[in-house]
Amino acid sequence: MNIEKARFNMIEQQIRPWNVLDKDILDMLIVVKRENYFPDEQKSLAFFDTELPLPGGTTAMCPRVEARIVQELALKKNESVLLLGAASGYLAALLAHMTRHVTVMEASAELKALAEKNLSDNGVRNVSVLHANGLTTAHTGTYDVIVVAGGLDVMPEQLQKQLNVGGRLLAIAGALPVMHANVVTRVSDASFTSRTAFDTAIAPLSGSVPVSQFKF
């Protein structure tokens, strides 16, 4: 297949029509090679509008959702990011391309290793991948941006406390068939705003638990 033609079609036929119009993001999708984050047998599928299977029964999000997440966060070069869910490492690479540093928490040791290898092979140095469940691990430090890369029953309110003032949290929550991508912004020490950015449906976050087990 013609890889660059497939990449062009992905951007023009899937991502632009999903209201991803930021030129910096569209240019980044050419530079950060999505196919490099999948095995040989999946490389030709990396440009399709579909979730791809990953080890442990999980899936990678489709390209338009990844691109829309990045656009909704309005990232800046000096910002720090916390990403819950490593998947293949591709979303971490996108976030790293536009920010200072990305910390990834991944509950699956297999996915942690996969993401680390892919990031290393592609020369991405400003990402740290930790083997930890980001929903249950006691957090220290704060971040400018927090992304939950998997579906949840409810918005993870405990993560809001990890935002710096001006920071944004994006999580996709709800029940199938339609889930909502919500962006929470910390406007002061005690004040937050929330908006629904878009509707979609994605697989559950690796290591997530039913809502009845959440502790806020």
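Glu4 is partly exposed, with 42% relative accessible area. In this predicted model, the side chain of Glu4 forms a salt bridge with that of Arg7. Arg7, in contrast to its partner, is buried, with a relative accessible area of 1%. The two residues are three positions apart in helix α1 (residues 3–15), which means that about one helical turn separates them.

**Salt bridges**

The whole structure contains 12 salt bridges. The table lists some of them, with the distance from N to O.

| Pair | N to O distance |
|---|---|
| Arg7 and Glu4 | 2.9 Å |
| Arg16 and Glu12 | 3.0 Å |
| Lys23 and Asp27 | 2.7 Å |

In the pair of Arg16 and Glu12, Arg16 is partly exposed at 34% relative accessibility. Glu12 is also partly exposed, at 30%.

Lys23 and Asp27 belong to helix α2 (residues 23–31), where they lie four residues apart, about one turn of the helix. Lys23 is exposed, with a relative accessible area of 58%, whereas Asp27 is partly exposed at 32%. Elsewhere, Glu4, Arg7, Lys33 and Glu35 are joined into one network by salt bridges that share partners.

**A strand pair**

Strand β8 (residues 178–186) and strand β9 (residues 192–200) run antiparallel and are joined by eight bridges. Together β8 and β9 make a hairpin, with five residues between the strands. Within this pairing, Met179 stands opposite Thr200 of β9.

Methods:
Residues numbered from 1 in each chain as written. Predicted model: local features only at pLDDT ≥ 70, side-chain atom pairs only at ≥ 80, totals over all residues. Heavy atoms only, no water. Pairing = 2+ DSSP bridges. Salt bridge = Lys/Arg side-chain N within 4 Å of Asp/Glu carboxyl O. Buried < 20%, exposed > 50% of the residue type's maximum accessible area, 1.4 Å probe, protein only.
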